[in-house]
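Visitor: I have a model open on my screen and would like to go through it with you, piece by piece.

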Amino acid sequence: MAEEIITSVPFVYCLKYAKKRIFCDFCFKKIIRACHCPVCGTMHYCNTTCEKNDTIHRFECDHFLKASGDYNLKKYLEDDVLRLFLRTLIKTNNVSQNRNFYQSMAKKYENEIRMLMGTEFMSSINLDLMVPNFDKMMANKIEIKNEKEAIGFGIYLQNSFDSLENASNNFDGIRIIYKRSLFPALRFSESATNDSHIKIAIRIANRYLESRNVRNFYQEKIKVKSEVLKQKISEVKIVYEEQQKDFLAWTDRHVDNRIYINRKLEKRLEAISYLKDISSQKEKEIITVFIGFLLIHEFANLLYRWNGNLHSTENKDVGYKLENFIFDGNIRVIISTKSKWNEDSRYLGIGIRDTSQSRKIQFLSYDYIKEIFTDNLPFGSYFSPKFEVKEFGDDVFALRESDEFETNSDIEENLDDIFDDYEDAYNIQTCGT
Ligand SMILES: [Zn+2]
Ligand SMILES: [Zn+2]
């Protein structure tokens, strides 16, 4: 199974005292030929580059030199937590005169660090932050390991690792490497249909669905067993169906493992299949790609349904969420028609309705559609759709998803509020009317 790998370097870290001379104090790699800090001799590196790069040690060096020759102070150098805390202080080096609420451990270490580092250093420390800093350090420090052996502590700020379920980690020196298993790649089966256009649409939908992006999207949204989903999606059948009032719009999925595509799309494909002109070829590609996008939308809804979200409002808009995630807006088809939408309407392109404040419709560029259709798009470009400018004429319509909203008056009213302005501006028709 493919894995997503996240790496992070720590905010601060320090080698365990017991591991000194064996591992490099800077990079935590095993030392082959030792090289120590020429001033204090307390730090040991694998080479002079690591020595030079250990900039945080410059703040410690003189003090560590002094401590290493002082019987009373020397033991502080052996306290790993103290040295990690000291490095947190050096790193966050804030100044404040207020000493009111540090206590317990932080108080203890304040005194010890003062003895080790001198009052001058302590005067540059924000003592207000000592307790919270100490807390954070204790809560977030993790053991850095070489193979199975713990060799140091680190505090890593870059990622919220606790949100990574099923993550495993290991270290490369001080660098932590998390591997997370991805949501499985789910795909519609080739045998879901006998129709040649839908077969192409399935291939298009599968390109998106198998991508790392979409799988990450589901990782965050859905928590169901992957074996069940793989089985279920492979059983889905995709068929054309006559439009029914209040039910089938572009597509529907009122049976558990079936996706219905509006038969008007099939009829239009049939009507133009005899025409050999370029614009008919273009239209065929647009409709096919559009069906592919509809399958992506329905895939999201099916997953939600299988996950037991049958009647939730979430079930209703998870398809839009996925469209939004992929295209940064919702899919509309743009048609030219003298009358209402029917199988004679010409399909001019695919529009993306921006869901941000502007509520504009942008046309997906035909180049993008063509490359998806011919399977010539590099994998990374699927999620960078290209757009082009087109004029909306008098008989050009951007068709809205469906009239299934009419079955729910609350949602209908709500949507009407949202859509009113821009429907006027863009000749939006509800399909199926
Ligand atoms: Zn090193
Ligand atoms: Zn030194």
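Visitor: Which residue just after helix 14 takes a positive phi?

Guide: That is Asp-375, which has a positive phi of about 60°. Please keep in mind throughout that this is a predicted model.

Visitor: OK, and which residues of helix 14 are buried?

Guide: In helix 14, which covers residues 366–373, the buried residues are Tyr-368, Ile-369, Ile-372 and Phe-373. They lie on the same side of the helix, because the arc they cover around the axis is only 130°.

Visitor: What do those buried residues pack against?

Guide: The buried residues of helix 14 pack against two helices, helix 8 (196–209) and helix 12, and against two strands, strand 13 (346–353) and strand 14 (361–364).

Visitor: You mention helix 12, and I had my eye on Phe-299; where is Phe-299 found?

Guide: Phe-299 is found in helix 12, which runs over residues 278–306.

Visitor: Buried or exposed, and why?

Guide: Phe-299 counts as buried because 26 other C-beta atoms lie within 10 Å, and the cut-off for calling a residue buried is 20 or more.

Visitor: What is Phe-299 in contact with, leaving aside its neighbours in sequence?

Guide: Once the neighbours within four places in sequence are left aside, Phe-299 is in contact with Ala-205 and Leu-209. As for Arg-187, that residue is 112 residues from Phe-299 along the chain, yet the two C-alpha atoms are separated by 9.2 Å.

Visitor: Switching to the sheet with strand 2: in what order do the strands come?

Guide: The sheet is an open one of three strands, in the order 2-6-5, and the pairing is antiparallel. Strand 2 (12–15) and strand 5 (141–146) stand at the edges with a single partner strand each, so one side of each has no neighbour in the sheet. Neighbouring strands in this sheet are turned against each other by 30° on average, with direction ignored.

Visitor: How many bridges join strand 2 to strand 6?

Guide: Four bridges join strand 2 to strand 6, which spans residues 149–155. Tyr-13 has Gly-154 as its bridge partner in strand 6, while Val-12 stands opposite Ile-155 of that strand.

Visitor: And over how many bridges do strand 5 and strand 6 pair?

Guide: Strand 5 and strand 6 pair over six bridges, in the antiparallel sense, and Glu-143 stands opposite Phe-153 in strand 6. The two strands form a hairpin with two residues between them, and in its turn Glu-147 has a positive phi of about 55°.

Visitor: How many residues of strand 6 are buried?

Guide: Five of the seven residues in strand 6 are buried, which leaves that strand mostly covered.

Visitor: Which helix lies across those strands?

Guide: Helix 4, residues 80–92, lies across strand 2, strand 5 and strand 6, and it runs at about 150° to strand 2.

Visitor: Which residues does UniProt list for the MYND-type domain?

Guide: The UniProt entry, which is unreviewed, lists residues 24–61 for "domain: MYND-type". Over residues 24–61 the chain is 29% helix and 11% strand, with the end C-alpha atoms 16 Å apart.

Visitor: Last one, for the whole chain: how many helices and strands are there?

Guide: The chain has 15 helices and 17 strands, and 35% of its 433 residues count as buried. Among contacts between residues at least 6 apart in sequence, 60% join residues at least 24 apart.

Key. Residues are numbered from 1 along each chain as its sequence is written. Chains are lettered from A and ligands numbered from 1 in the order in which they are written. This is a predicted model: local features need pLDDT of at least 70, side-chain atom pairs count only at pLDDT 80 or more; totals for chains, interfaces and linings use all residues. Two strands pair if DSSP finds at least two bridges between them. Axes are lines fitted to C-alpha atoms, for helices over the stretch in contact, and angles run from 0 to 180 degrees between N-to-C directions. Two residues are in contact if their C-beta atoms, placed from the backbone, lie within 7 Å. A residue is buried if 20 or more other C-beta atoms lie within 10 Å of its own, exposed if 12 or fewer, and partly exposed in between; C-beta atoms are placed from the backbone. UniProt positions are given in the numbering used here, feature names are shortened, and annotations may be inferred rather than shown by experiment. The arc is that of the directions from the helix axis to the C-beta atoms.
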